[in-house]
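This report covers burial, salt bridges, aromatic pairs and surface features of one chain. The sequence and model come first.

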Amino acid sequence: MRPAIREHLHHPTHKHKHKLTYMADSTPLLSQSHPADPEPLLIPKHLPSLDETFERYIGDFGWAQLLQAFLVSFAWVFDAQQTFISVFTDAEPPWHCTELGTELCTSVSNICQLPKGSWAWDRPADTSIVSEWTLVCAGSIIKSLPASSFFTGCMVGGLVLATLADSSFGRKNMLFFSCLLMSATGILTIFSPNVWIYSGFRFLSGFGRATIGTCAIVLSTELVGKRWRSQVGVCGFFLFTLGFLSLPAIAYLSRSSSWRYLYLWTSVPASLYCVLVHFFVRESPRWLLVRGRKEEAVATLKSIGAVNNSSFTLSFSGLPFEEEETTNLHLYSVISILLEKRWALRRLSAVMTVGFGLGMVYYGMPLALGNLPFNLYWNVTFNALSELPASLIAFFFIERLNRKSSVLVFTMTSGVCSIMCVVMGEEWASLKIGLELVSFFSTCTAFDILLIYTIELFPTCVRNSAMAMVRQALVFGAVFCPVIVEIGRGNGYLSYGVFGVVIISCGLFVGCLPETKGGTLCDTMEEEENKQRAGTGTGSSSA
């Protein structure tokens, strides 16, 4: 991103004391020395920010950074698979009449009102939990319980694990733990004997999955310089699309097999990925330095940076970070910092409201695809493919797009198209599919931009926690999706109509956020406030 000028000389009343230095350099920082002065002038030394120091060593994008960013971002593949796997495992399978000569059974009959023996499933009963555990006539709450349990687990996991990546665990360890828990519970799900145990495992899977996306995007972007930060963040979205796109392919190949195989084929590779993360991924040097672990930060930078010399330690020794301020954080201290600052609370509230609307539509539309008159496998494939142009737009145009106006336009477009899906009659089936795709594409684009936007709105010391809170809002919207989808099987106004109204209403809150295009990342809350007061950042002091 284009760097904004942010040189700031600390005021004597600021928390960090001045480090004084004699002007021995031939080009002084402040050219105010008098030729008659017998002694060198004593002036405050300008301390480079953490962002400026990192740019000096990792500004150029090398192979080591590329491999690290790709390996970290690959977690999005497994995140997508476990998020949308219930579209196939929990789907109502096709059925046919066994007594075609009677008036009791037709293709549009209510299966729950037909006598036993007048109909049968097209495939073996174990291809879906609905047919295996005879849930076809169960209430909407029961049928939506597994998917709702997953998203509830995501929400609870986000609350419990939200600040560990910022405080004690770090980005890498949190990513490893989350992937391991998600993959392990995915394997255990195979042995579920009923819908209640199954829902419990889905809850645990969601609990583990809660921080994967947050840690992946934050860690990958903190391993590269600002020039490549946005592109690396968007690469994670490409890999999420790849994981989403792999699901209909795997499900189609195993369509006549038990739904348990779908969990097997997706959970075992995720377990192997955890091993790679443990042994080959490096911790964020930014987090290490903010935590006072300077030697580890230097070692990491030397292993992934473009240069390798002894000036690392010298450069970091002058940075104005005091270890005692950052190493004694408790679990929710980071969130309390966000809530105490008026500007941070305003930003967090607005971006979480937008995230709630996006989450309801983003996670709800794939679950509602079974309500549309089209092949489920093709429906999911088209929706997954619609994420590609969304990611491409974010990848190639993120430097040019205003964050605020982009999110607003795409949320409005998504809401209008979603409502039009309800207005169109059954005779416009093809047009309804097209409107649904445009709505989902707009939601995906707004989703991608919002995550990048959130990274830019908050400083390093609270960035991971802020991202976790936004993702909490996303999954909180998703918790209601399965129930809305089940109720909407007979009434489109209660599914796509609700989606449209919610995303339009929530999208308007983006107007409360400052624009961050072209700005630089701050590292501390004080630095963000100084940037606002100086008027050189992307927001004003009232933002």
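Aspartate 79 is buried, because its relative accessible area is 0% (buried means under 20% relative accessible area, exposed over 50%, partly exposed in between, with a 1.4 Å probe and protein chains only). The model is predicted: local features need pLDDT of at least 70, side-chain atom pairs count only at pLDDT 80 or more, and totals for chains, interfaces and linings use all residues. Residues are numbered from 1 along each chain as its sequence is written, and side-chain values use heavy atoms, with hydrogens and water left out.

**Salt bridges**

The side chain of aspartate 79 meets that of arginine 209 in a salt bridge, 2.5 Å from N to O (a side-chain nitrogen of Lys or Arg within 4 Å of a carboxyl oxygen of Asp or Glu). This pair links distant parts of the chain, with aspartate 79 in helix H3 (residues 75–84) and arginine 209 in helix H8 (residues 195–209), 130 residues apart. Helices (H or I, at least four residues) and strands (E, at least two) are DSSP runs, numbered from the N terminus. Arginine 209 also counts as buried, at 1% relative accessibility.

By the salt bridge rule the count comes to four. Three of these are tabulated.

| Acid | Base | Closest N to O |
|---|---|---|
| aspartate 79 | arginine 209 | 2.5 Å |
| glutamate 486 | lysine 143 | 3.7 Å |
| glutamate 456 | arginine 403 | 2.8 Å |

Lysine 143 in helix H6 and glutamate 486 in helix H22 (residues 481–487) are 343 residues apart. Lysine 143 counts as buried at 18% relative accessibility, and glutamate 486 is buried at 12%. Glutamate 456 is buried, and so is arginine 403.

**Aromatic pairs**

A search of the whole structure finds 32 aromatic pairs. Rings of Phe, Tyr and Trp (its six-membered ring) pair if their centres lie within 6.5 Å; planes under 30 degrees apart count as stacked, over 60 as edge-to-face and the rest as tilted. Tryptophan 119 and tryptophan 121 are edge-to-face because their planes stand at 85 degrees, with ring centres 4.9 Å apart. Tryptophan 121 is buried, with a relative accessible area of 17%.

Phenylalanine 151 and tyrosine 363 form a tilted pair, 5.2 Å centre to centre with 55 degrees between the planes. Phenylalanine 151 lies in helix H6 (residues 140–161) and tyrosine 363 in helix H17 (residues 342–367), 212 residues apart. Both residues are buried, and both belong to one aromatic cluster that also includes Trp76, Phe84 and Phe440.

**Serine 386**

Serine 386, in helix H18 (residues 376–397), is buried with a relative accessible area of 9%. Its side chain reaches the backbone oxygen of asparagine 383 at 2.5 Å. Leaving aside neighbours within four places in sequence, serine 386 is in contact (heavy atoms within 4.5 Å) with Leu437, Phe440 and Phe441.

**Surface and whole chain**

Valine 275, in helix H11 (residues 260–280), is partly exposed at 43% relative accessible area. Val275, Leu276, Phe279 and Phe280 form a nonpolar surface patch with about 420 Å² of accessible area together. Patches are made of residues with over 30% relative accessible area and no salt bridge, like charges being joined within 9 Å and nonpolar side chains (Val, Leu, Ile, Met, Phe, Trp, Tyr) within 5 Å. Accessible areas come from the Shrake-Rupley method with a 1.4 Å probe; for residues, only the protein chains shown count as cover.

The chain has 24 helices and four strands, and buried residues make up 54% of its 543 residues.

How values were computed:
Polar contact = N/O pair within 3.5 Å; in protein donor to acceptor, adjacent residues only side chain to side chain.
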